[in-house]
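Open your viewer, choose a cartoon view and keep the selection tool ready. We will go from stop to stop together, picking something to select each time and looking at what is there.

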Amino acid sequence: ADIYDITLYSESLEKNITKLEDGEFTVTVPIKETLRDKDLVAYYIDENNKIEEHPVVVDKNGMGTFTTNHFSTYTIAEKNKAVVTPVENVEPVPKTYDGITNYIILGIISIVSLSFVTLYIKKQGN
């Protein structure tokens with residue numbers, strides 16, 4: 001796959017053009033040789049985490065063309081037959097903190113304390 005950050009700068013407006021309200025842009029990009037004989041798509045993920053697919057047509061010179069109504073970052077890749085769409089409204093992972101770390105720390109402190117008490121008692125006996 002190849003990733004392209006596509007922008008268009010207008011000298012007359014002195015700013016980047018990002019979207020057309022009415023109409024489409026035709027975008028042409030070079031396609032590497034390993035992808036030229038594949039069924040290609042330009043993927044875009046919007047602000048709502050939805051995947052947009054724009055079919056890519058590759059010409060005899062290895063240039064791929066697709067249409068869109070806005071410029072952004074696109075991934076040109078082989079069309080995935082089983083596209084996994086982003087999951088919406090996922091329940092958060094439940095907190096399963098069981099406090100085992102506290103028991104381990106308490107156990108270590110207990111062993112160290114018992115060792116000091118034992119040494120102190122032995123020292124007092126001498």
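Which order do the strands of the open sheet of 3 strands have? Select β4, β8 and β7: the order is β4-β8-β7, and the pairing is antiparallel. Please keep in mind on this tour that you are looking at a predicted model.

**Stop 1: the open sheet**

Colour the three strands separately. β4 and β7 (57-58) stand at the edges with a single partner strand each, so one side of each has no neighbour in the sheet. Now follow β4 along β8 (residues 63-68): these two pair in the antiparallel sense over 6 bridges. To find one of the contacts, select F25 and look across to β8, where its bridge partner is T68. A bit of background helps here: strands of a sheet pair through backbone hydrogen bonds, and the pairing can be parallel or antiparallel.

**Stop 2: a hairpin and its turn**

Next, select β5 and β6. This pair is antiparallel too, with 5 bridges. Pick A42 and you will find H54 of β6 standing opposite. The two strands form a hairpin, with 5 residues between them.

Which residue in the turn has a positive phi? Select N49: its phi is about 70 degrees, a positive value in a residue other than glycine. N49 is partly exposed, with a relative accessible area of 42%.

There is another residue of this kind to visit. Select E14 in the loop between β2 (8-10) and β3 (15-17). The phi of E14 is near 55 degrees, again positive in a residue that is not glycine. Turn on the surface as well: E14 is exposed, with a relative accessible area of 62%.

**Stop 3: rings together**

Show the side chains of Y44, F66 and Y74, which form one aromatic cluster. By the rule used here, the model has 3 aromatic pairs. One of them is Y44 with Y74, a tilted pair with 5.5 Å from centre to centre and 40 degrees between the planes. Y44 sits in strand β5 and Y74 in strand β9, so this pair links parts of the chain that are 30 residues apart.

Are these two tyrosines buried or exposed? Y44 is buried, with a relative accessible area of 11%. Y74 is buried as well, at 1%.

**Stop 4: charged partners**

Side chains of opposite charge can pair when their charged atoms come close. How many salt bridges are counted in this model? The count comes to 2, and you can visit both.

Begin with D2 and K32, whose side chains meet in a salt bridge at 3.5 Å from N to O. D2 lies in strand β1 (residues 2-5), while K32 belongs to the loop between β4 (25-30) and β5 (40-45), so the salt bridge ties together parts that are 30 residues apart in sequence. Look at K32 with the surface on: K32 is partly exposed, with a relative accessible area of 36%.

Then select K79 and E53, where the distance from N to O is 2.7 Å. K79 is in the loop between β9 (73-78) and α1 (100-125), and E53 is in strand β6 (residues 51-55), so this pair ties together parts 26 residues apart in sequence. Both partners are partly exposed: the relative accessible area is 32% for K79 and 33% for E53.

**Stop 5: the helix**

Last, select α1. Does this helix lie in the open or is it covered? Of its 26 residues, the number buried is 0, so α1 lies largely in the open. You can also try the distance tool on its end C-alpha atoms, which are 37 Å apart. At 1.5 Å a residue, the helix should span 38 Å, and the two values agree.

Now colour I100, I104, I108, V112, F116 and L119: together they make a nonpolar surface patch of about 610 Å². Why might residues with such spacing share a side of a helix? An α-helix has 3.6 residues a turn, so residues three or four places apart point the same way. Finish by zooming in on F116, which is located in helix α1. F116 is exposed, with a relative accessible area of 56%.

Conventions
Residues numbered from 1 in each chain as written. Predicted model: local features only at pLDDT ≥ 70, side-chain atom pairs only at ≥ 80, totals over all residues. Heavy atoms only, no water. Salt bridge = Lys/Arg side-chain N within 4 Å of Asp/Glu carboxyl O. Helix = DSSP H or I, 4+ residues; strand = E, 2+ residues; numbered from the N terminus. Buried < 20%, exposed > 50% of the residue type's maximum accessible area, 1.4 Å probe, protein only. Phe/Tyr/Trp six-rings, centres within 6.5 Å; stacked < 30°, edge-to-face > 60°. Patch = residues over 30% accessible without salt bridge, like charges linked within 9 Å, V, L, I, M, F, W, Y side chains within 5 Å. Areas by Shrake-Rupley, 256 points an atom, 1.4 Å probe, with all protein chains shown as cover. Pairing = 2+ DSSP bridges. Expected span 1.5 Å × (residues − 1).
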